[in-house]
2 protein chains.
Amino acid sequence: MPTIGDVAARANVSTATVSRALNGKATVDPELAKRVRAAAEELGYRPHGPARNLRRKTTATLTLVVTDIGDPFFAALARGLEDTARDSGYSVVLCDTDDDPARERSALDVALQERVAGVVIAPTSAATDVSKLIDHGAAVVAVDRPLDEPRSDRVLVDTRAAAAKATSQLLDAGYRRIGYFGCRADGYPDRQRLAGYQDALGTNADECLIRHACPRSDTAASAIRDLLTPPVSADALLIASPQLTPDTLGAVTEHELALGTDFGVVAFDVAAWAMAVRPALSVVSQPAYEMGVTAARHIVARLAGETGAPRHTELSPEFVVRGSSLRESR
Amino acid sequence: MPTIGDVAARANVSTATVSRALNGKATVDPELAKRVRAAAEELGYRPHGPARNLRRKTTATLTLVVTDIGDPFFAALARGLEDTARDSGYSVVLCDTDDDPARERSALDVALQERVAGVVIAPTSAATDVSKLIDHGAAVVAVDRPLDEPRSDRVLVDTRAAAAKATSQLLDAGYRRIGYFGCRADGYPDRQRLAGYQDALGTNADECLIRHACPRSDTAASAIRDLLTPPVSADALLIASPQLTPDTLGAVTEHELALGTDFGVVAFDVAAWAMAVRPALSVVSQPAYEMGVTAARHIVARLAGETGAPRHTELSPEFVVRGSSLRESR
DNA sequence: TTGTAAGCGTTATCAT
DNA sequence: ATGATAACGCTTACAA
């Protein structure tokens with residue numbers, strides 16, 4: 001692999017000139033610049049990233065820390081981040097934490113070691129410590145969940161309002177015993193959605209209509225059964241987790257309940273397959289891609305020298321009413 | 001940010017000793033080693049990644065190049081890769097190409113610049129040029145699609161056999177006009193699946209039962225309509241793309257066809273929501289996570305010095321028969 | 001405008 | 001076993 005010295009030799013100039021020419025500094029003779037580019041081309045020269053990073057004391061790398069890239073929400077966010085970051089010359093390193101604070105810590109630790117320029121993180125908890133990163137000059141933006149750290153930007157979604165809206169719509173459609181089904185009751189998004197659900201129901205909220213369970217587990221199966229049968233007998237469900245949705249819908253059919261007509265459903269973040277079911281699913285979909293784009297923009301702006309108060313962006317989810325939450329459907 | 005020199009000063013040793021101690025070299029007095037670790041700890045010292053990479057002439061970074069991380073197949077693969085790579089100390093950089101050779105080239109180019117240790121790529125075409133990477137010593141493994149480059153490892157899936165098996169099962173279940181619905185007719189996976197479909201059908205294959213369309217487009221809608229109505233009148237469908245599946249299923253219902261009973265369906269790579277539909281979907285699911293794990297293992301082995309012929313791994317997809325491809329269902 | 005040379009923070013060679 | 005010291009390949013004062 002040729003170095004900048006090889007290019008310099010071939011173009012009969014100094015390494016400094018090669019560096020300047022290749023980095024498009026104005027102060028270099030067009031004639032020489034051309035010669036340098038030609039030499040670099042002929043040698044197949046590629047600047048040595050680590051050396052450059054060492055010298056410049058910064059990298060063109062962003063770290064994305066999420067619970068699970070297999071979650072379509074985070075995958076879409078990652079896509080938005082990568083598309084936007086790449087346009088500004090940044091690469092994206094991917095880290096999955098599985099909501100494990102230890103894994104998260106280690107991910108942030110390597111981010112610090114590698115001197116990444118920025119970190120986009122869906123923190124396991126608001127207390128996650130990103131101060132060392134920020135002290136060192138990295139731009140940090142929290143996505144999906146807030147961070148206590150006052151110097152971090154954030155990109156959140158008003159999922160609480162969306163949950164309230166969805167619940168109200170179910171109410172309007174005539175459902176009376178509307179349940180809430182979520183996983184990870186301790187997580188920020190779930191708490192927000194539950195709060196929105198309760199906002200809409202007011203004093204009518206009935207504790208036994210609220211359930212939490214891990215997707216694809218026995219507890220999920222029995223929670224669903226409980227919800228669908230007496231004494232609970234829900235007649236509609238706000239499903240806060242996309243992972244819980246397939247099994248729930250299956251159970252609804254199993255219990256001979258007609259989706260929409262007998263049993264209303266609004267699901268969160270089911271984007272890919274809402275139309276696979278009939279009647280089609282009513283969904284609250286979060287603007288995951290845009291969140292990634294926005295996070296990237298914040299970081300790029302910060303790294304471009306923008307100073308001042310942290311940016312707090314709150315996007316709105318889209319609520320799409322389809323047959324699954326309409327009594328009059330069919 | 002403290003450097004190795006600061007640690008050395010605090011521990012009253014040379015930087016060389018600090019380096020050795022922190023990298024666990026045997027040749028260092030346990031006493032000193034402890035002092036060094038303490039000093040490093042107190043200072044919150046983190047080795048400077050780029051400097052280390054420069055000196056070591058290699059990085060602990062892998063680049064993953066896929067068409068779209070939003071595709072659940074690639075997301076699962078990414079997860080498997082990241083989990084496994086992390087265990088060996090590697091980070092994963094994510095690049096989406098959208099099947100665009102230009103974007104792919106630029107992704108490979110930065111991988112080369114950054115001197116990544118390895119590349120996992122689902123190439124846009126077998127002709128994709130990874131030779132410079134390999135010349136430079138990077139380990140390259142092709143996933144999902146093969147690469148002409150003879151020095152690259154590969155992790156493929158026998159999707160052709162799986163398609164044949166699925167088609168045969170439809171045949172056995174009594175369906176007679178089995179269609180094939182795919183997107184991107186020029187891609188390797190689609191060609192394999194179509195070939196498998198034809199393997200099973202033999203001379204009975206009817207050209208007009210084979211359609212290709214882009215997901216969520218007008219062409220998709222009309223292709224589905226054509227397939228479901230005379231003169232084509234398919235009575236079953238092998239859906240080679242998960243993205244095409246929701247709309248197809250919706251259309252089946254719209255045409256008053258009972259899934260399974262009237263119209264058989266086997267879908268590829270629908271893992272998350274196969275159980276949301278009733279009857280549940282028969283699916284061919286590729287071992288995406290395992291592919292990522294395997295790719296990581298290959299790379300780690302290569303980088304650990306393993307030499308010899310390229311590893312060619314072929315995994316088998318799982319074919320799960322459920323109600324959607326059983327005539328006797330209901 | 002161009003060249004010389006001093007680092008950036010490590011690791012590894014070579015003495016001691 | 002430990003310590004000087006020379007790279008690694010690049011960018012950027014500073015000189016010319």
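**Naming the features of a predicted dimer model**

Modeller: A:Pro231 is placed in the loop between α10 (218-228) and β8 (236-239) of chain A; helices here are DSSP runs of H or I with at least four residues, strands runs of E with at least two, numbered from the N terminus. This is a predicted model, in which local features need pLDDT of at least 70 and side-chain atom pairs count only at pLDDT 80 or more, whereas totals for chains, interfaces and linings use all residues. Residues are numbered from 1 along each chain as its sequence is written, chains are lettered from A and ligands numbered from 1 in the order in which they are written, and side-chain values use heavy atoms, without hydrogens and water.

Biologist: What kind of peptide bond joins A:Pro230 and A:Pro231?

Modeller: The bond is cis, with omega about 5 degrees. In chain B, B:Pro230 and B:Pro231 are likewise joined by a cis bond with omega about 5 degrees, and B:Pro231 lies in the loop between α10 (218-228) and β8 (236-239) of that chain. Most peptide bonds are trans.

Biologist: What makes the phi of A:Asp144 notable?

Modeller: A:Asp144 is not a glycine, yet its phi is positive, near 70 degrees. The residue is found in the loop between β4 (139-143) and β5 of chain A.

Biologist: Why is the relation of chain B to chain A called a two-fold axis?

Modeller: Chain B is laid on chain A by a turn of 180 degrees and a shift of 0.0 Å along the axis, with an RMSD of 0.1 Å. The fit is by least squares on C-alpha atoms of residues with pLDDT of at least 70 in both copies. That turn and shift are the relation of a two-fold axis. In chain B, the C-alpha nearest the axis belongs to B:Val93, 2.1 Å from it.

Biologist: How do you know that one surface serves both copies?

Modeller: Of the contact residues of chain B, 100% recur in chain A. With contact taken as heavy atoms within 4.5 Å, 50 residues of chain B touch 50 residues of chain A.

Biologist: What is the area buried between the chains, and which atoms give 56% of it?

Modeller: About 4,400 Å² is buried between chain B and chain A, and carbon and sulfur atoms give 56% of that area; the value is the accessible area (1.4 Å probe) lost on putting the two parts together, summed over both. B:Arg46, B:Arg79 and B:Arg115 supply 14% of what chain B buries against chain A, more than any other three residues.

Biologist: Why is the pairing of B:Asp68 with A:Arg79 called a salt bridge?

Modeller: The term requires a side-chain nitrogen of Lys or Arg within 4 Å of a carboxyl oxygen of Asp or Glu. In this pair the N to O distance is 2.9 Å, so the criterion is met. There are 12 salt bridges between chain B and chain A, and the count over all chains is 47.

Biologist: What makes the salt bridge of A:Asp153 with A:Arg302 a link between distant parts of the sequence?

Modeller: Their closest N and O atoms are 3.3 Å apart. A:Asp153 belongs to strand β5 (residues 153-157) and A:Arg302 to helix α12 (residues 288-303) of chain A, so the pair ties together parts 149 residues apart in sequence.
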